[in-house]
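Colleague: I would like to learn how to read a model such as this one, feature by feature. Could we take strands, helices and a few backbone details in turn?

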Amino acid sequence: MSGATSDGLEARGGAATRLPSGTPQDQGRTDVLLDVRDLSVVYESAGQTAVQAVDHVSFSLRKGEFVGLVGESGSGKSTLGYALTRLQKPPARTNGGNIVFGGSDIRDLGDEELRRQRQGGFAMVLQSGMNALNPVRTIRNHFIDVFRAHGHVPRERWDARMRELIGKVKLPETMLARYPGELSGGMRQRVSIALALSLEPQLMVFDEPTTALDVLVQHAVMDTIIELQRSEGFTAILISHDLGIVLEATERVLVMHEGRIVEDGRSLEVLRDPQDDYTTMLLSHYADPRAEVVSLPGFPDRSQRSASRQETTSSFATVGSRERSAAKNPIVVDHLVKTYPAPRRGEQPVQAVRDVSFTLEPGQSLALVGQSGSGKSTIAKMLTGVEQPTSGTVRFGDTDVAKLGRRGLKDLRSEVQMVFQDPYAALNPLHTVEYILSRPIANYTGLRGRDARRRMLEILETVGLTPVEQFAQKLPHQLSGGQRQRVVIARALASDPQVIIADEPVSMLDVTLRAGVLALLEDLREQWGVSLLYITHDLLSARLITDDIMVLHDGAVVERGRTAEVLQHPQDDYTVALLDAVPNPRRTLLG
C-alpha cells in the first residue's frame, strides 16, 4: 500500500481506504503486542496452481485491544489467524513477512520454543466446538491434558483451577464430568474458550466462535467473550464473516477481501462512513426484521416482489415421471409430543416437543423459529418419519406418517424432501455432483440414461449452477459453501417433491451468499407451487421468505401468525428476546 494522502486516507484502486492502525510509527512502541509486516501465506498443492491466500498484510495490535477481522469465505481471514498463532499446516506456507509478538518474530521459533510461548503468549479458539474437543474424553480430562502439556498449573491446584475456569465462562462445575457430545453447541464453545484461557494468554484469536449458533446463544457467547476480554485484559482478535457481530463487539475493525486488508478503522467510523466499496456492500446485507419494509440487495420486500416478479418457464416443468404440478397435499400436525428417555440415571426425561399442532397448506411458506433445543428439528424428523412421535399424529394428505413401512416411507420422501443445515457434511466428498443428483433421480423417478442426465442438468440450471456441464463433474471440495448448498437443494428437487423442509439452510453461509440461497427457495415455492417449511433461528431470513411464522420455546408454540405481523408486534417475551438478540450495529452504536 502506498501514497498516503493529506487527510490520512490512502488511495487504493480508486477507493479511499483508512490507513491501518499498525502504521510504521507504531513500531517500537511499548504498548504494541503484535506487529505484522508484509505477511503473505500461500497454498501450494502438488499439481495445482498456487493460491495466495494472504497477500502482504500489515497491521499492529496494542495491548488490551479488541479487534474484529471480517470477510467472506475465501477472503483469507482464517488463514491469517492460523498464521498468527503458528497453527497453519501444509499445503499452507508463510512465504513472506514478519509476525513480531512481544518483541520476537514467532516465525523464527522452534517447536519447543513455540510450545513455551503458547503458555502466557497466544491461544486460538477454533470455529467448531465439537471438532475442537475429543469426543471420548470428559471435559475434566481436556483440562488435565492442557495442564500436563504446559506444566503451568501445579497438580494440587488442577481441580481448583478447572473449576475457576469453567465458572469464568458461566458453566456449572457439573460440566467437567460430561463428554462433548452431551453438551450443546454454545456449551462446547464456552469449554473451548475456557481451555484457551487456561494458558493465561496475552493474545486470544477467536475464529468464527458463534457460527451456526442460534441468536440467543450467539449473543450469550459474545457477551462472555467481551466480559472476559475486559476482566482478563488480553488482546483479542474476533474473526467472523458477520460484520454485524464484529461491529457490535469490537473497538476496531479490519475488513479483509481477496487476501488483503481493504479497510481498518474504529467500529463506529466504519459503520458511519465506510471507505471501501466492499465494506459498503457487506453493510448493505443487514436489516431489522421488525422494520415496516425489509429488503436486501437483489431481494426486495415481499410486498414489492410479488408485483415485480416476472413469470419464467423451464423445461424442468415437464421433465420426469409426471408433469410438474403444484403441491396438493397438506401436512397436518395434531397434538404432537416427543419425549426422550433421561440421558443419565437420576435425571428427568427430556420433553423435546410439547403438544404442537399446525397445518402446512399446499403452497404455503411457514417459518418454524426458535433457539437450539426448542424442538424445531425434532419436529422435522417426525414429519419425514425419521423419528416416531410419543403421542399425536403427523398426516401427509390421508397418510399417517407414523404407520408407514419402508416402502411407504420411500414414497413419502419422494414428496417431502429435506435441505440440511451443513452443506459440507451433507454431501459425500468422494462423489461428483452428477452422481449425487443421479441417484435420487433414478430412485424416485425411474429415469435412466439420457433422460436422467437431461433431468440432472436441468436441475443444476434451476438452482443457478451454470455452466451445468462443468458443475456436473465437480467434487464437493471444489465448490464454495453457497454452491454446495445449491447442490443440496438440487438433490431435494430431484424427486419432484410437493414439500421442502429447509432446516437452517443458510446458517453457515456468508451474508452475501444467504440472499442468493433464500431467493432460490422463494423462487421454487412461487414458481412451482411447492410448500416450504423453513426451520431457522434467523428472524431476518424468516421475514424475507415466509408468509407465516410459529415461534417455539422449550418444545411448545408460544406465538404464531403472519410473519410480518408477529415480528413487528411480538406478543410473547421470548419472541421479543429473539428479536433483541439479532445483531444490529446501527442500533447498538448509533442508538
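Modeller: Let us begin with strand pairing, for which the rule is that two strands pair if DSSP finds at least two bridges between them. Please keep in mind throughout that this is a predicted model. With that rule in hand, look at strand β5 (residues 66-70), which is joined to strand β10 (residues 235-240) by five bridges, the two strands running parallel.

Colleague: Which strand, besides that one, pairs with β5 in the parallel sense over four bridges?

Modeller: That is strand β11 (residues 252-257). Leu69 is a useful residue to follow here, since its bridge partner in β10 is Ile239, while in β11 it stands opposite Leu254.

Colleague: How should I judge whether β5 is buried or exposed?

Modeller: One compares each residue with a cut-off, and buried means under 20% relative accessible area. Five of the five residues of β5 are buried, so the strand is largely enclosed by the rest of the structure. Phe66, Gly68 and Val70 point one way, Val67 and Leu69 point the other way, and the residues on both sides are buried.

Colleague: Now a sheet with a different pairing: in what order do the strands of the open, antiparallel sheet lie?

Modeller: The order of its four strands is β14-β13-β16-β17. The edges are β14 (350-360) and β17 (399-400), each of which pairs on one side only. Strand β16 (residues 391-396) runs antiparallel to β17 and is joined to it by two bridges, with Arg395 standing opposite Asp400 in β17. Helix α12 (residues 376-383) packs on this sheet, touching β13 (331-340), β14 and β16, and its direction makes about 60 degrees with that of β14.

Colleague: How many of the eight residues of α12 are buried?

Modeller: Six of the eight are, and the helix is mostly covered; among the buried residues are Ile379, Met382 and Leu383, and Lys376 also belongs to that set. Just after the helix, Gly385 takes a positive phi of about 80 degrees.

Colleague: What should I look at when two helices pack, as α14 and α15 do?

Modeller: Look at the angle, the distance between axes, the handedness and the residues that meet. Helix α14 (residues 433-445) and helix α15 (residues 449-462) pack at an angle of about 120 degrees, with their axes 9 Å apart, which makes α14 oblique to α15. The crossing is right-handed. On the α14 side the contact includes Leu437 and Ile441, and on the α15 side it includes Met456 and Ile459. By class, the contact has seven nonpolar, two polar and three charged residues.

Colleague: Which backbone details deserve a check in the loops?

Modeller: Cis peptide bonds and positive phi values are both worth a look. The bond from Pro90 to Pro91 is cis, with omega near 10 degrees, and Pro91 lies in the loop between α1 (77-84) and β6 (92-101). Another cis bond joins Thr466 and Pro467, with omega about 0 degrees, and Pro467 is in the loop between α15 and α16 (468-472).

Colleague: And where are Glu258 and Asp496 placed?

Modeller: Glu258, which is not a glycine, has a positive phi of about 50 degrees and sits in the loop between β11 and β12 (260-266), where its 59% relative accessibility counts as exposed. Asp496 has a positive phi near 60 degrees and lies in the loop between α17 (481-493) and β19 (499-503), but Asp496 is buried, with a relative accessible area of 5%.

Definitions and conventions: Residues numbered from 1 in each chain as written. Predicted model: local features only at pLDDT ≥ 70, side-chain atom pairs only at ≥ 80, totals over all residues. Heavy atoms only, no water. Axes fitted to C-alpha atoms, helices over the stretch in contact; angles between N-to-C directions. Parallel < 35°, antiparallel > 145°, perpendicular 65-115°, else oblique. Left-handed = near helix turned anticlockwise from the far one by under 90°. Contact = heavy atoms within 4.5 Å. Nonpolar A, V, L, I, M, F, W, Y, C, P; charged D, E, K, R; others polar. Buried < 20%, exposed > 50% of the residue type's maximum accessible area, 1.4 Å probe, protein only.
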